[in-house]
Amino acid sequence: MQPAQKQVLEDLRERIRRLERKPARSSGGVESGWGCIDAIAPGGFPRGAIAELTGAPGSGKTAVAIAVVARAMGERSLAAWIDGRSELYAPAVQIGGIDLERLLIVRPAGEAPLSPSGSVLNRTVQASVRQSLWAAEAVLGSGAFAAVVVDVPVASGARITSDWGSVASAEAVLRRLVGAAEKGGATCIWLSEPGSCAPPARLRIEVSRGRDGVRARPLARGVSATVAGHAA
Amino acid sequence: MQLELSAIGAGEARARQVEREAAPRRAASPRRVLAIQVPDVSLQRIQRARRAAAETVAAERRDGRERPVAIAREGRIVACEPLARSMGVRCGDSTVQATASCAQLEVILQDDVADRALLVGLAEALMSLSPVVELALPDTLLVDASAAAVVTNRAGTEGEALLARRAVDVAADMGLHARVAVATGRGPARALARHGAGDRPIPSAETRAALAKLPLAALELPAAMAERIAGLGLRDVGALAALPAETLAHRFGPAGLAAARLASGDDPSPLVPYVPEALPLEELDLEAPVETAEPLLFGLKRVCDRLAARLAGRGVGTCRLVLRLRLDPRGEVEVPVALASPSASTSRWMLVLRERLATVRLDAPVRGVVLTVGEVAAASAEQLALDESPQQLAAVDAILARLAARLGDGSGFVAEPVDRHRPEAAYRAVAFRARRPSRSAAPVAGVAGAVTVAGAAPVEDAAPVAGAAPVEGAATAPSASYRPTRLLSRPRPLIAEGEGGRLTALRLDGHAHRILDLSPPERLSGEWWANPYDREYRRVEVETLGSCWVYRDASDGRFWLHGFFD
């Protein structure tokens, strides 16, 4: 079956699901349309689970995320982008095929972490990071969005202080996102840079840019860890 | 022959003139009117507020000793509760007499402004039944019932009776008891409603007979005239209607003629439609200050019900509410509440209000709430397409409320493109609204094909946004055909290193990064009148950093890192 036909079938199934008022679907996946990505992720980016895209600041991972979100949104669904770095540039998002009216961008107030310097390695997690992680969990668990992109720099080994003063490791906080993604059924993409921390993901891809364009490499699935590569 | 023809022509002309004169009369014939009277409106207002306030207080905290209430105006009792009547209080008593009869009596002064506000609220809710509602103060509303058959899908008096029942239900939902009557003309309908003779719709032919049984006071004639007519020994409307109209006209002038016509059931005066206020509000004073959310939400539900009914009557909704919490003993806290889409649904409002209130920290207990509509908009939430889910809208409302409560208003937004060349001003944040997506909002042309190219960088190579013709500044090729996916909020300084007149490396934060490739320049400049800029942008492939968006400031020649083609 051709990819275009598969997409049509997928859209029809989605439409029937909505007509039947069925809860959010958490099976299947969304393809990116990028040959190098889809070749190493045959089922696409999973619904109801987290997929991690990691790479240097100019590697092309955000463009891949935009392509996936555009496909996941289709003609009617909503999507959310937790922009913890306050760097997402809307004109490029629109050029990438996303209807901006249906994309909720969440930018917690506060000092945005710098990128791509080594600030992500700071052990002190800033307020905006804490708020971004809270927003990611809330948005993922809401079930209102077909796709959610989380772009929050969390340093490995960082400790996060809640509003009530309790301290938890970043890994523990990130693990909660897995449950939220399962509950909400959205396709969740976690964007990370080398040296940062990520939640346990069902799909992990390292994106880099070579002279011939974007390159992709699968990484080991599962437990959050410092990804391969090096900080700028 | 000529004369005869002209005589015939004159006759036809005369007939046409008579027809023309008759036509407006037919058009101006009295309409069917539904009159809704709220008896003892002041008393009902006080009782309604007490009921709502009592619901917010736990049963064990109520003292169970409810004092009877009476309404006074200019030192005289004008209305009282049955309990007060059973203790000897009568309308017309002085307040001193009334309190002597009933020591526990609570005398409340009549508040015309508050009474009018109550009727205005009911009038707006009744607009769901008819577009024309007249405010007939002090206690009546007149609704155009001409289209009852259309509204109720029942013909004749059956449809009118159903319309009347719906009006009573609307009043009951607003916490009010009402009497109704349907008749031809506003005066007869009002008279029949006030005197409780409107238990069934009165056909036009029976209006005179129905009015004949009512006392003269039902016609609400001017006081002096009513006194003189009573002096003639007339006691009911039927007796007045039996008098020759010319006699009354001769004796009382135009007012006498109008009274004679009204007594005969002939009132051609049109309804004067009430025009709703721009931003309605509803308020509630709690019986006792509350410190927890549950009783507050309980009272708030009542307020929402009333406000939502008013908006629904207008056929509009709101996407912004303003909740003001009155603190005890003084002070006020304002809580703005944003909704994902315009709505006049209490359940959706409460969902958001509950989330919002959960995060509000108050210094004192709450003694009252005021809920105001911050913005009126066409309601679309209830008009869902087949494949739109109300649950999803509710989920969007809830998450927006949680984000606003936790992160502040404006933390969640939608980016709206702006026609400006300055990259950092190319879009602005606007409130997220879960609008029905239009078919025209399809992905940008050319992109779908581009993203299928394996391994390429399709997003950057996509076509420019259609219709985004710049209105400000200037740009040279390659124009806006590509833009970085990330834009730094503060450009970072770079030190350019070159060899033989060409750039070879960029130094960022003290680290040198080798340049692999360099695109042709794109020059952006403008805003000479305010904050001029003149930049030469290039896409630079940098070792270890990837694809960067770098510009050289023409004013000083310095290089800056402005974004990433990530």
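Trainee: At what angle do helices α5 and α6 of chain A pack, and how far apart are their axes?

Mentor: In this predicted model, α5(A), residues 127-142, and α6(A), residues 170-184, pack at about 20°, and their axes are 6 Å apart.

Trainee: What makes people call α5(A) roughly parallel to α6(A)?

Mentor: Set the value against the cut-off. Angles under 35 degrees count as roughly parallel. The angle here is about 20°, so α5(A) is roughly parallel to α6(A).

Trainee: Which hand does the crossing of α5(A) and α6(A) have?

Mentor: That crossing is left-handed.

Trainee: Which residues make the contact?

Mentor: From α5(A), they include A:Leu133, A:Ala136 and A:Leu140. From α6(A), A:Val173, A:Leu177 and A:Ala180 are among them.

Trainee: Okay, let's zoom out. What else does chain A hold, and how much of it is buried?

Mentor: Chain A has six helices and eleven strands. Of its 232 residues, 59% are buried. To be called that, a residue needs 20 or more other C-beta atoms within 10 Å of its own.

Trainee: Where in chain A should I be careful, and how do you know?

Mentor: Look at the pLDDT. The mean for chain A is 81, and 81% of its residues reach 70 or more. Over residues 223-232 of chain A, though, the pLDDT is below 50, and the model gives that stretch 29 contacts beyond near neighbours in sequence. Residues 111-124 of chain A stay under 50 too, with 36 contacts beyond four places in sequence. Where pLDDT is low, don't read the predicted coordinates in detail.

Trainee: Now chain B. What is the strand order in its open sheet of three strands?

Mentor: The order is β3-β2-β4, with mixed pairing.

Trainee: Why do β3 and β4 of chain B stand at the edges?

Mentor: Count partners. β3(B), residues 76-80, and β4(B), residues 106-109, have a single partner strand each, so one side of each is left without a neighbour in the sheet. From one strand to the next, the twist averages 40°.

Trainee: How do you know that β2 and β4 of chain B count as paired?

Mentor: The rule asks for at least two bridges. β2(B), residues 69-73, and β4(B) pair over four bridges, in the parallel sense. B:Ile71 stands opposite B:Ile108 in β4(B).

Trainee: Which helix packs on that sheet?

Mentor: Helix α2(B), residues 41-55, does, touching β2, β3 and β4 of chain B. Its direction makes about 135° with that of β2(B).

Note on methods
Residues numbered from 1 in each chain as written. Chains lettered and ligands numbered in written order. Predicted model: local features only at pLDDT ≥ 70, side-chain atom pairs only at ≥ 80, totals over all residues. Helix = DSSP H or I, 4+ residues; strand = E, 2+ residues; numbered from the N terminus. Buried ≥ 20, exposed ≤ 12 C-beta atoms within 10 Å, placed from the backbone. pLDDT = per-residue confidence, 0-100. Contact = placed C-beta atoms within 7 Å. Axes fitted to C-alpha atoms, helices over the stretch in contact; angles between N-to-C directions. Parallel < 35°, antiparallel > 145°, perpendicular 65-115°, else oblique. Left-handed = near helix turned anticlockwise from the far one by under 90°.
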